[in-house]
Amino acid sequence: MDPPLIISFFYFSRSLSPTADKREAVDVKADDFDGVSFYVCVIPEQKEVLRVSLFAPCFAEIKDSVGDAYFAELYAFAGVSLEAPQPGYSITVAVNLDACPTDDATKDALVARLSTMKRDVVGAPLWVCFKALLGGGKPPRSHYVVPYRPKESMYVVPSDDLVVVVYAVHFENHVEQALAKVFLQEIVISRRQSRDLMTAPMVTFSHEPPHELKQISGLSLAPPSDFIGYLSLAVSKRIVEAGRLEKCVTLAEGYRSFLMYHVQATKSQVHTRIRRRSSSWLQVLNRARPEALKVEKKTIKGRTFNRN
C-alpha cells in the first residue's frame with residue numbers, strides 16, 4: 001500500500017460514519033520509488049471532498065499510450081471523479097464523501113483502488129496487455145515504453161499468446177552494479193534449475209537487447225554508461241488465469257523496486273559483516289601485542305632504575 005494513502009482508510013472510516021460532522025482537514029505528502037510522490041488533502045473549506053494526487057515522471061508517456069478512457073474506467077466509482085491535476089502533480093482523484101456508497105464492500109474496494117494508485121498508473125500498460133492476453137484480444141499498440149527512471153525503462157511487448165516485459169536495469173554505484181548483476185544472474189539460474197519455479201514466467205538476462213526489442217523499428221536502445229543489462233519476463237496466459245491478474249500486475253510493476261530493495265539490503269548486510277570482521281581482527285591483533293617488560297636494575301653504586 002502506498003504510504004500516504006493509508007490515511008484514506010482512517011479518513012473514510014471516520015467521515016462516512018453517522019457522525020460526519022467530525023471530519024477534519026488532511027494534508028499529507030510522501031515520496032515513493034522511481035520519483036513518484038503523493039499528496040492526500042482535505043481543505044478546511046470543503047471537508048466533504050478528499051483529493052488524492054500523484055506525480056509520476058513518466059505520466060505523459062503513459063497517458064499517451066493508454067488514453068484517458070483507461071483512467072476514467074479505473075476510478076468509475078459513485079462519487080469519484082477526475083479533476084484537473086493539482087499544481088506539481090500528474091493526476092488528481094476527487095472523492096465526494098457525501099456521495100460515495102456507504103456499504104463496506106464498495107468502500108473497501110475504493111480504498112484499495114486508491115492505495116494502489118502508483119501500481120495502477122505506472123503499470124497501466126501491464127493492465128492493458130494482461131487483460132487482452134486473458135480475454136484473447138489484442139492491445140491497441142504493438143509495444144509500450146514506460147521510462148520510469150532517468151536512465152531506465154520498462155518495455156511491454158504483447159503477442160498472441162505471450163506478453164514479454166523487459167526491464168533496462170542501470171545502477172550508478174559500482175558496488176550496487178556488482179550486487180544487482182549477481183542477483184539477476186541468480187534469478188535466471190534458479191528459474192532454470194528449480195522444479196518449484198517451473199510454473200513461473202520464463203526469465204532471461206543479457207547485456208544485449210532481447211529479440212522482442214530488436215524487431216521494433218524506431219526504438220532507441222543505446223545503453224547509457226554503467227548499464228547492467230536487460231531482464232526479460234515472458235508472461236503467458238496460464239500465469240494470469242485463475243484470479244492471478246492483479247497479482248501479476250503488482251509483481252511486474254514493482255519488480256524494479258523489489259530489485260532495489262534487495263540490492264540495498266545485501267549492501268547493508270555486507271557492510272555490517274565487514275565491520276564485524278574488522279572488529280574481530282583488531283581484537284586478535286590487540287591480544288597478540290607483547291606486553292612491555294619493566295625490570296628493575298641496580299648500578300654499581302646501588303642506584304635503581306627501570307629498564308623497559
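**Exercise 1. Placing S115**

In which helix is the place of S115? Work out whether S115 is buried or exposed.

*Solution.* Keep in mind that you're looking at a predicted model.
- Step 1: find the element. S115 sits in helix α4.
- Step 2: check the accessibility. S115 has a relative accessibility of 5%, and buried means under 20%, so S115 counts as buried.
- Step 3: look along the chain. V52 is 63 residues away from S115 in sequence, yet their C-alpha atoms are separated by 9.7 Å.

**Exercise 2. The length and buried side of α4**

Check the span of helix α4 (residues 104-115) against what 1.5 Å a residue predicts, then say where its buried residues point.

*Solution.*
- Step 1: get the expected span. The rule is 1.5 Å times one less than the number of residues, so the twelve residues of α4 should span 16 Å.
- Step 2: compare. The end C-alpha atoms of α4 are 16 Å apart, in agreement with that value.
- Step 3: list the buried residues. For α4 these are K107, L110, V111, L114 and S115.
- Step 4: look around the axis. Those residues cover an arc of only 130°, so they are on the same side of α4.
- Step 5: recall the helix geometry. An α-helix has 3.6 residues a turn, so residues three or four places apart point the same way.

**Exercise 3. Two faces of α7**

Now try helix α7 (residues 174-193). Sort out which residues are buried, which exposed ones are on the face turned away, and what does the covering.

*Solution.*
- Step 1: check the length. The 20 residues of α7 reach 29 Å from first C-alpha to last, close to the expected 28 Å.
- Step 2: pick out the buried residues. They are E176, Q177, A180, L184, I187, V188 and R191.
- Step 3: view them down the axis. The buried residues of α7 fall within an arc of 105°, so they line one face of the helix.
- Step 4: turn to the other face. Away from the buried side, α7 carries the exposed residues H174, V182, R192 and Q193.
- Step 5: find the cover. Over the buried residues of α7 you'll find, among others, β8 (162-170), β9 (202-206), β10 (227-236) and α11 (255-288).

**Exercise 4. I228 and its contacts**

Find the strand that holds I228 and list the contacts I228 makes beyond its sequence neighbours.

*Solution.*
- Step 1: locate I228. Its place is in strand β10.
- Step 2: judge the burial. With a relative accessibility of 4%, I228 counts as buried.
- Step 3: collect the contacts. Leaving aside neighbours within four places in sequence, I228 touches V169, F171, Q177, A180, K181, F205 and H207. Q177 and A180 also appear among the buried residues of α7.
- Step 4: add a distance. L184 is 44 residues from I228 along the chain, and their C-alpha atoms are 9.8 Å apart.

**Exercise 5. How α2 packs on α6**

Describe the way helix α2 (residues 59-66) meets helix α6 (residues 124-135).

*Solution.*
- Step 1: compare the axes. They come within 9 Å and cross at roughly 25°. Angles under 35 degrees count as roughly parallel, so α2 is roughly parallel to α6.
- Step 2: name the residues in contact. α2 brings I62, S65 and V66, while α6 brings A124, P125 and V128.
- Step 3: check the burial in α2. Its buried residues are F59, I62, S65 and V66, and they fall within an arc of 130°, so they line one face of the helix.
- Step 4: look at the opposite side. There, α2 carries the exposed residues A60 and D64.
- Step 5: list the cover. Besides α6, the buried residues of α2 are covered by elements including α3 (68-74), β5 (91-96), α5 (117-122) and β6 (144-149).
- Step 6: step off the end. Just after α2, G67 has a positive phi of about 85°.

**Exercise 6. Two unusual phi values**

Compare D34 with A242: where is each found, and is each buried or exposed?

*Solution.*
- Step 1: recall the background. Most residues other than glycine have a negative phi.
- Step 2: read the angles. D34 has a positive phi of about 65°, and phi of A242 is near 60°.
- Step 3: place them. D34 is in the loop between β1 (26-31) and β2 (37-42), and A242 is in the loop between α9 (237-240) and α10 (245-253).
- Step 4: check the accessibility. D34 is buried at a relative accessible area of 10%, whereas A242 is exposed at 69%.

Note on methods. Residues numbered from 1 in each chain as written. Predicted model: local features only at pLDDT ≥ 70, side-chain atom pairs only at ≥ 80, totals over all residues. Heavy atoms only, no water. Helix = DSSP H or I, 4+ residues; strand = E, 2+ residues; numbered from the N terminus. Buried < 20%, exposed > 50% of the residue type's maximum accessible area, 1.4 Å probe, protein only. Arc of directions from axis to C-beta. Axes fitted to C-alpha atoms, helices over the stretch in contact; angles between N-to-C directions. Parallel < 35°, antiparallel > 145°, perpendicular 65-115°, else oblique. Contact = heavy atoms within 4.5 Å.
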